[in-house]
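The following exercises ask you to trace charged and nonpolar side-chain arrangements in a model, each with a solution worked in steps. Please look over the sequence and coordinates before reading the solutions.

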Amino acid sequence: MNTIYYPSSYAGEIPMIDSKRKEKLTALIYQNISDMNERELRLSELDDLTQSDADLALWQFSLGIWG
């Protein structure tokens, strides 16, 4: 019998961004995005990020991919 594993999103439990990730991303956004409209857009999207989305964004900033 094969066991099927479903991601947590199927169980209705999607871990959303935590305060530590949000603080780091906020600082990186202010530090690296000079266009005020783009910065405000990015900041407004933070609360809707999952933890994995936030981790991806942190990784992108670490590679210099923020535009």
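**Exercise 1. Salt bridges**

Determine how many salt bridges this predicted model holds, and establish which side chains R21 meets in salt bridges.

Solution. Step one is the count: with a side-chain nitrogen of Lys or Arg required to lie within 4 Å of a carboxyl oxygen of Asp or Glu, the total comes to 4 salt bridges.

Step two takes R21, whose side chain meets that of D18 at 2.5 Å, N to O, and also that of D55 at 2.7 Å, N to O. Because R21 lies in helix α1 (residues 19-32) while D55 lies in helix α3 (residues 51-62), this pair ties together parts that are 34 residues apart in sequence.

Step three considers the accessibility of the acidic partners: D18 is partly exposed, with a relative accessible area of 27%, and D55 is likewise partly exposed, with a value of 35%.

Step four turns to helix α2, where R42 and E38 both lie, 4 residues apart, or about one turn of the helix; their side chains form a salt bridge at 3.0 Å, N to O. E38 is partly exposed, its relative accessible area being 27%.

Step five joins the bridges that share partners, which places D18, R21 and D55 in one network.

**Exercise 2. A charged residue without a salt bridge**

Work out where R39 lies and what the side chain of R39 reaches.

Solution. Step one locates R39 in helix α2, which spans residues 36-45. Step two checks for an opposite charge: R39 is buried yet has no salt bridge, and the nearest side chain of opposite charge, E40, is 5.0 Å away. That separation fails the criterion, because a salt bridge requires the two atoms to be within 4 Å.

Step three looks for a backbone partner, and finds that the side chain of R39 reaches the backbone oxygen of S34 at 3.5 Å. Step four completes the surroundings: apart from neighbours within four places in sequence, R39 is in contact with I29, Y30, I33 and S34.

**Exercise 3. The nonpolar core**

Identify which residues make up the largest nonpolar core, and which helix supplies the largest share of this core.

Solution. Step one lists the 11 residues of the core, namely I17, L25, I29, I33, L43, L46, L49, A54, A57, L58 and F61. Step two assigns them to helices: α1 and α3 each supply at least two residues of this core, and the largest share, 4 residues, comes from α3.

Step three follows one member, I17, whose contacts beyond four places in sequence are K22, L25, L46, D47, L49, T50, Q51 and A54.

Methods: Residues numbered from 1 in each chain as written. Predicted model: local features only at pLDDT ≥ 70, side-chain atom pairs only at ≥ 80, totals over all residues. Heavy atoms only, no water. Buried < 20%, exposed > 50% of the residue type's maximum accessible area, 1.4 Å probe, protein only. Lys, Arg positive; Asp, Glu negative; His and termini not counted. Polar contact = N/O pair within 3.5 Å; in protein donor to acceptor, adjacent residues only side chain to side chain. Contact = heavy atoms within 4.5 Å. Core = buried A, V, L, I, M, F, W, Y, C linked by side-chain atoms within 4.5 Å.
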